Amino acid sequence: MHFTRLNIERVRNLETVAMQNLQPFTILYGNNGSGKTSVLEAIHLLATGRSFRTHIPKHYIQYKTDNAIVFAQSLEEKLGIQKLISGEQIIKLNGDNVATQGQLAKKIPLQHIDPLSTDIIDHGAKPRRQLLDWLMFHVEPNFYPIWQLYSRALKQRNILLKGQKNIPLAVLEPWNNLVAEYGEILNSQRYAVVEQWQVFFQQAIQQLLPEVEIQLEYQAGYSLSIGLLQNLINHHVKDSEKRYTEYGPHRADLKLKTAQGDADIVLSRGQKKLLIIALKLSQIAMLHASNMETVVLLDDLTAELDYQAQRRLITRLNELSCQVFLTTLDHKSVEKHLYALSISYQLFNVNNGCVQLMKNTNQVE
Ligand SMILES: Nc1ncnc2c1ncn2[C@@H]1O[C@H](COP(=O)(O)OP(=O)(O)OP(=O)(O)O)[C@@H](O)[C@H]1O
Ligand SMILES: [Mg+2]
């Protein structure tokens, strides 16, 4: 989807932001601490229900106030979220209250590209699993319901493990069966999606990092040769000692393998950044192939990528019909790219929490 309008109230130092006639690209420039990243953070709040900087609403809700609001409109839809300092939230879709944020998330596929962070490669499996599950959520309609059933069954099994030492296998049996049943479905869904993703990923790598060979390798989180049920049975004594379920799709990983070893030990910092961009661009490409448009948040574009890499990234985002919100300290070089590629954009200056339109290349006079 593409936003035509965006309103933000009381997110960090942003008091009242109103952006209209949004174009495929929105450039936000301004001094350090002026509020550029906060605009991206607000869009992220609307699309995911969470900030990418903190889990605590108090931190992003403006000091001395008790709530923050983000509202956006596309040609077809109106979406809004209000976050309260108490942790509660009110979510609206076309004027009606909706119970879960997931309904907005489905409407707004959102990718946040932060060229400063290499967490996806350097940290544990969790950020990679989340990346994979973002794709799952958008391309496999049965993923989310099965994932909920799996999580519920797993939670029950873990509650039993926590509550009692040396728990007999028979007590766990009903939960083993459910965890295994849903877990095997999740695994086959993920396996199938990674196979398709691999094709898009290889194309992205060709464009961004042609000098290295990298394969995506999905790991189920348990031994496939004996199956999940047998894993749970075989490990029940160990699980009982550790008091949680060690094996299953909740421990899945996505290995990034080069011919010389895992990407985290082989690649340079710059190469890691390009690899992360390739991972995300290839997911966006896969959605695009199914007629879904992604909103992309691009923080500090010019700080970390060289001119060539900026040009390639912008070119590709444009080909994939993304709506891009990007922050930069150097708007001139971003404008050069957009001008060369004939992309419509709006340029906003951010100054001390105020967001002011400076240029609209698609102005109807
Ligand atoms: N809860 C809050 N209420 C009000 N202001 C806040 C709150 N939390 C942070 N701030 C301030 O809001 C601003 C947020 O800045 P933000 O990170 O959006 O800046 P930026 O323009 O992206 O800067 P940079 O170029 O350094 O990345 C900072 O000046 C910060 O001190
Ligand atoms: Mg910033």
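This is a short talk about how ligand 1 sits in a predicted model, with a stop at Phe-143.

Okay, housekeeping. Residues are numbered from 1 along each chain as its sequence is written, chains are lettered from A and ligands numbered from 1 in the order in which they are written. The model is predicted, with local features needing pLDDT of at least 70, side-chain atom pairs counting only at pLDDT 80 or more, and totals for chains, interfaces and linings using all residues, while side-chain values use heavy atoms and leave out hydrogens and water.

So, who is around ligand 1? There are 15 residues around it (a heavy atom within 4 Å), and the closest are Gly-33, Lys-36, Thr-37, Ser-38 and Arg-53. By type, that shell has 2 nonpolar, 10 polar and 3 charged residues, and Gly goes with the polar ones. Helix α1, residues 36-48, gives the most, with 3 residues; a helix here is a DSSP run of H or I, at least four residues.

Now the polar contacts, meaning N or O pairs within 3.5 Å. Oxygen atoms of ligand 1 lie 2.7 Å from a backbone N or O atom of Gly-33, 3.0 Å from a polar backbone atom of Gly-35, and 2.9 Å from a polar side-chain atom of Arg-53. Taken alone, ligand 1 exposes 650 Å², and the protein buries 75% of that (Shrake-Rupley, 1.4 Å probe).

Last stop: Phe-143, in helix α6, residues 143-163. Is Phe-143 buried or exposed? Phe-143 has 3% relative accessibility, so it counts as buried; the cut-offs are under 20% for buried, over 50% for exposed, and partly exposed in between, with a 1.4 Å probe and protein chains only. Trp-197 is 54 residues away along the chain, with 16 Å between the two C-alpha atoms.

How values were computed. Polar contact = N/O pair within 3.5 Å; in protein donor to acceptor, adjacent residues only side chain to side chain. Helix = DSSP H or I, 4+ residues; strand = E, 2+ residues; numbered from the N terminus.
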